[in-house]
Amino acid sequence: MAMQITLLILMLATPVAYGVQHIVGGSTGWNQAGDYVTWAAGEKFVVGDTLLFTYDSSHKVDVVSQADYTACNSGNAINSYQDGNTTVALSTAGSMYFICPTAGHCSGGMKLAVTVTAANPPSTSPTTPSPPGTPPTTTTPSPPGTTTSPPPPPRSNGAASIYCNMMFGFSVVLGTMFAFMG
Ligand SMILES: *[C@@H]1O[C@H](CO)[C@@H](O)[C@H](O)[C@H]1NC(C)=O
Ligand SMILES: [Cu+2]
């Protein structure tokens with residue numbers, strides 16, 4: 001029993017780092033066949049997530065400004081990668097822009113804009129109007145100890161809710177223990 005308690009305490013003490021890795025272009029990857037407008041529209045980018053660009057040596061990844069994204073100009077790139085397997089951390093809320101600097105590729109559509117949202121937006125801010133017709137998101141908490149996680153794991157409401165679920169599980173376990181002891 002002491003073992004289980006130690007494990008639970010360890011779980012609680014471990015900071016929850018829960019970022020989603022977005023493989024740019026999905027199974028297509030980063031190349032001229034990709035449609036990155038459609039791909040990005042189907043993803044939800046949150047601070048703490050990462051992008052993974054996979055590409056061959058005919059391509060690169062340049063991080064650029066919005067203006068250079070629009071103009072397909074790689075002359076002022078903020079960052080440039082060419083290792084073929086590039087992870088970019090989405091560390092701040094806002095927009096990020098990527099283009100392939102190989103001649104003709106960006107203008108042919110090899111460009112990506114992502115909008116990154118804060119990890120824990122205020123849930124009930126009266127000044128934040130929610131989009132019409134959006135149902136409230138309800139995540140069914142799974143009991144602790146359940147290890148049925150299908151890949152990829154569904155995004156929960158964030159670290160806070162995971163923490164809450166864990167705290168809930170913890171108190172249930174403690175309560176049960178004390179019920180048996182007393
Ligand atoms: C590419 O990078 C990802 C994330 O760092 C890593 O998991 C994967 O093993 C890498 N793949 C190759 C082929 O290096
Ligand atoms: Cu390219």
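Are His59 and Met110 buried or exposed? In this predicted model, His59 is buried, and Met110 is buried as well. Both residues belong to the coordination sphere of the copper ion (ligand 2), which is described after the overall fold.

The protein comprises four helices and eight strands. Read from the N terminus, the order of these elements is α-β-α-β-β-β-α-β-β-β-β-α. Of the 182 residues in the protein, 26% are buried. Among contacts between residues at least 6 apart in sequence, 71% join residues at least 24 apart.

Five of the strands form an open sheet with the order 2-8-7-4-5 and mixed pairing. Strand 2 (45–46) and strand 5 are the edge strands of this sheet, each pairing on one side only. In general, the strands of a sheet pair through backbone hydrogen bonds, in either a parallel or an antiparallel sense. Strand 7 and strand 8 run antiparallel and are joined by six bridges; here Gly94 stands opposite Val116 in strand 8. Strand 4 and strand 7 are likewise antiparallel, and three bridges connect them. Within this second pairing, Asp62 is placed opposite Ile99 in strand 7, and Val64 is placed opposite Tyr97 in strand 7.

Thr115 offers a view of the surroundings of strand 8, in which this residue lies. The relative accessible area of Thr115 is 52%, so the residue is classed as exposed. Apart from neighbours within four places in sequence, Thr115 is in contact with Phe45, Gly94 and Ser95. The C-alpha atoms of Thr115 and Lys44 are separated by 8.3 Å, although the two residues are 71 residues apart along the chain.

A contrasting environment is found at Thr86, a residue of strand 6 (residues 85–89). With a relative accessible area of 2%, Thr86 is buried. The side chain of Thr86 makes a polar contact of 2.6 Å with the side chain of Tyr55. When neighbours within four places in sequence are set aside, the contacts of Thr86 are Leu51, Leu52, Phe53, Tyr55 and Tyr81.

The copper ion (ligand 2) is coordinated by four residues: His59 through ND1, Cys100 through SG, His105 through ND1 and Met110 through SD, at 2.1 to 2.5 Å. Along the chain, these donors follow the spacing H-x40-C-x4-H-x4-M. His59 is located in the loop between strand 3 (50–54) and strand 4 (61–64), whereas Met110 is located in the loop between strand 7 (94–99) and strand 8 (111–117); the pair therefore ties together parts that are 51 residues apart in sequence. The angles subtended by the four donor atoms around the copper ion range from 93 to 131°, which makes the arrangement tetrahedral. This assignment follows because four donors count as tetrahedral if all angles lie between 85 and 135 degrees. For four tetrahedral donors, the ideal angle at a metal is 109.5 degrees. Burial at this site also extends to the cysteine ligand, since Cys100 has a relative accessible area of 1% and is buried.

The structure holds one disulfide, which joins Cys72 to Cys106 with an S to S distance of 2.0 Å. The torsion about the S-S bond of these two cysteines is about -75°, so the disulfide is left-handed. The bond links distant parts of the chain, with Cys72 in the loop between helix 3 (66–71) and strand 5 (79–81) and Cys106 in the loop between strand 7 and strand 8, 34 residues apart. The two half-cystines fall into separate accessibility classes: Cys72 is partly exposed, with a relative accessible area of 25%, while Cys106 is buried, with a relative accessible area of 4%. The backbone of Cys72 is also notable for phi, which is near 55°, a positive value in a residue other than glycine.

The loop between strand 7 and strand 8 thus takes part in both cross-links, since this loop holds Met110 of the copper site and Cys106 of the disulfide.

Conventions:
Residues numbered from 1 in each chain as written. Chains lettered and ligands numbered in written order. Predicted model: local features only at pLDDT ≥ 70, side-chain atom pairs only at ≥ 80, totals over all residues. Heavy atoms only, no water. Donors = N, O, S within 2.8 Å, 3.2 Å for Na, K, Ca; no water. Tetrahedral: all angles 85-135°; square planar, octahedral: opposite > 155°, others 65-115°. Helix = DSSP H or I, 4+ residues; strand = E, 2+ residues; numbered from the N terminus. Buried < 20%, exposed > 50% of the residue type's maximum accessible area, 1.4 Å probe, protein only. Disulfide = S-S within 2.5 Å. Polar contact = N/O pair within 3.5 Å; in protein donor to acceptor, adjacent residues only side chain to side chain. Contact = heavy atoms within 4.5 Å. Pairing = 2+ DSSP bridges.
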